[in-house]
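Welcome, and please take a moment to look over the sequence and the fold before reading on. A short tour of some of its inner spaces, helix pairs and backbone details comes next.

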Amino acid sequence: MALSPVPAPGRPTGPPIGPVPGRPTGRQSPAAVGTGAAPPRAARPAELPSVHDALLCVALPALAVCAAHGQLTGEGPEGVYVAGRRLLSRCVLRVAGREPVALQGRMAAADRAVFLGVLRVPGDMGPDPGLTVERTRSADGSERITLRSAAARPLRLPVEIALGSDLADLGAVASGRPGPELTASVHGTGLRWTGDGGRSVTVTADPPPMDALAAAGVLRWEAELAPGGTFTVRLRVRDGSPGRPTGAPGGGGGRPGGHVLAEALAEGDDPRPGELLRASVEDLRALLQRDPAHPADVHLAAGVPWRCGPVTAEALWAARMALPLGTRLAVTTLRALGRTQLSGGGTESGRIQGPLRDAGPHLPPRCTGIEATLAYPVVLAEARRWGLPAADLEELLPVAERCLAWLRRAADASGLVPDPGPAGPWRAETQAHAHRAALLGADLLDACGRPGGDALRDAAGTLRERFRREFWLDDRAGGRPAAARGPDGRTWPQLGGWAAHLLDTGLLGGGRLAHGLLDRMETEQVARLLGTPALDSGWGLRGLGAKEPGHNPFGHRAGAVRVHETAVAVAGLAALGHEKEAASLLRGLLDAAEAFAYRLPEMYAGEQRTSGGRPVPHPAACRPAAVAAAGAVHALLALVGIRPDAPGRSVSTHPLRSAPLGAIRFSGIVVAGEPFAVRVGRLGLGMVEEAAQGLQLGV
């Protein structure tokens, strides 16, 4: 199973998290750590514990949520989880009866964090500490603790580690109801905790402790350190629960990784794109999780720690943006979503299932199943252009055909697609998805010798004509697209980041972009609007313009910066030649990434950037998140504009001529199943340096 999904603002709806009076949440004192005592504080309804300051070690289904000081105190969501269950809630180190003074906590990799602390030892005469404590913790809870002495004399120091486990479900932890810690028993070289239903967890230590106090959950050693010497303890956490999922620590199956996503690299005048690309690929690999019923298939969890449930529409969008890293992730994600497709002969036959999702302060919730249904043929068609193997195309094509058949049935007499149901409304974003699906779907059916392409192109033409007639709102500033229209004629004029999807037209053969819903003048106006301060916060694209009614800089679709939409805007603007606006958004996103140590959250506050300021975290955002990590890849590669056509044995590049980040080189990209490397110089000229044999290169 995957980590349990937990509802959060702007997420698929579910039961609310209710208040639980008296749940300890404050930072515990050293004495309280050993007893479980803490100052009481009531949880608030629907409030998730904030993790934006935490270090999250991720290698799903394993996850460690750590504070920067390195101690696991049991506070809030801290702990080690496997498959959504907290195996270890407490791991507190003391040396000579004292906790180390925490100096630094940092991510060493997506699945590993390093913590550094110091202690003054008996006999230290000045302020300089004589003992360094380094802890390296992995996502599965395994940990290496090393004491290093700088004292001039031998030291003999008592070392103890206080451990605790509640075997609580992540949802219970998030709601402030994890339950009491379990009582430990001595087991081998460590401790074991057993809960209801045969669930258990064991922590073992190497070297074996001198004492193991089960009642207190404490392991003890006497560390002897020569001058300049070290003492190391290694801890291992093992899930002993029945039905442990494949790929879990100790459960076999291994972690998917390099065979699913290539290790792309970037280097150039500005070092930040290389850092962001490296971290994003690491995060994407860390978010891969197996389908429990089909272990050979993997898909991306939407985000950690709250959204690690079944495959979602966001996983499909992320797989699309990650196509330059290979087509394998797209294949397994499409396969997993295809299994949720509705069958039978009804009007809903062919639609992929999905929950409703909040759409902001003005519109009713939208259906993520419709979103996935319209994305499915697009991702399959573009994966084919990147080099999808013929056998995978043959397997997945019938599902895409059923999605396209649903699209033709779902379009009402007006030619528009209502969302979430027949009563509407007609959303501009949904029409952009439907138009793209129709054109790329038609291209896909033609290429595969299947009927229906002409009918889809006709449907796209009807939709485009109706959209231009009814969704464009003229005004003295040049006009704007409406966010939605209702069957009763009502118009929602609010402008937001959703407009970026109007520029995402999709890729056809020969490096051609599909037609969009907008004409040339309307496209230029949308590009101008996306570059205004009302939408471009300086850190990325706001979900709702700052001047719109209901704007909230922390609102998921009401003003927060969503990395996915910003990346879509950067790529769309770059592809259509609006380099100034694309470069501004890309620079803002890159600056935000640097502030977030290159691990972008799914969203952050849409506060206007000021001199010397930093992007403000969103308290409920997942970090890492699939669409944020994949969006970073998508936005960075807009600098070079790779447009592959593997079936046509060609690839072209369309770099930004302004070279906004100076010279840059990308390598490790995958086109037609082979490595691909491209360089763009300071003058904006591109040069392909590596490509599959026989691939015709163009510009």
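This report walks through cavities, then packed helices, then a few special spots in the backbone. Please keep in mind that what you see is a predicted model.

**Empty space inside**

Rolling a probe the size of a water molecule over the atoms shows where empty space is left. Here, nine cavities of 30 Å³ or more turn up. The table sets the two largest side by side.

| Cavity | Volume | Lining residues | Classes in the lining |
|---|---|---|---|
| Largest | about 540 Å³ | 24 residues | 14 nonpolar, six polar, four charged |
| Second largest | about 240 Å³ | 18 residues | eight nonpolar, five polar, five charged |

Let us start with the largest cavity, at about 540 Å³. To find its centre in the viewer, look for L513, A571, A575, H634 and I642, the closest of the 24 lining residues. Which elements supply at least two residues each to this lining? They are α4 (313-321), α6 (368-386), α11 (563-575), α13 (626-637) and the strand β30 (642-645). Of these, α11 gives the most, with five residues.

For the second largest cavity, the residues to pick out are A359, L363, A483, W498 and R557, which lie nearest its centre.

**Two pairs of packed helices**

Two packed helices are described by the angle between their axes and the distance between the axes. Some of the helices from the lining of the largest cavity appear again here.

Take α4 and α13: their axes are 8 Å apart, and the angle is about 20°. Angles under 35 degrees count as roughly parallel, so α4 and α13 are roughly parallel to each other. Their crossing is left-handed. On the α4 side, the contact uses E314, A318 and M321, while α13 brings A626, V627, A630, G631, V633 and H634. Sorted by class, that contact holds six nonpolar, two polar and one charged residues. H634 is a nice landmark, as this residue of α13 touches α4 and is also among the residues closest to the centre of the largest cavity.

The other pair is α6 and α8, the latter a helix of residues 428-447. Their axes come within 8 Å and cross at roughly 40°. That angle makes α6 oblique to α8. This crossing, too, is left-handed. Many residues take part: α6 contributes I370, E371, L374, P377, V378, L380, A381, E382, R384 and R385, and α8 contributes T430, H433, A434, R436, A437, L440, D443, L444 and A447. By class, the contact has eleven nonpolar, two polar and six charged residues.

**Backbone details worth a look**

Where do cis peptide bonds occur? One joins D206 and P207, with omega about 5°. P207 sits in the loop between β14 (200-206) and β15 (211-213). Another cis bond runs from R623 to P624, where omega is near 10°. P624 belongs to the loop between β29 (603-604) and α13, the helix that also packs with α4.

Lastly, visit A96, in the loop that links β6 (90-95) and β7 (101-109). The phi angle of A96 is near 55°, a positive value in a residue other than glycine.

Note on methods
Residues numbered from 1 in each chain as written. Predicted model: local features only at pLDDT ≥ 70, side-chain atom pairs only at ≥ 80, totals over all residues. Heavy atoms only, no water. 1 Å grid on protein atoms, 1.4 Å probe; cavity = no way out; pocket = protein on both sides within 12 Å on 5 of 7 lines; lining within 4 Å. Points joined across faces, edges and corners; volume = space filled by probe spheres on them. Helix = DSSP H or I, 4+ residues; strand = E, 2+ residues; numbered from the N terminus. Nonpolar A, V, L, I, M, F, W, Y, C, P; charged D, E, K, R; others polar. Axes fitted to C-alpha atoms, helices over the stretch in contact; angles between N-to-C directions. Parallel < 35°, antiparallel > 145°, perpendicular 65-115°, else oblique. Left-handed = near helix turned anticlockwise from the far one by under 90°. Contact = heavy atoms within 4.5 Å.
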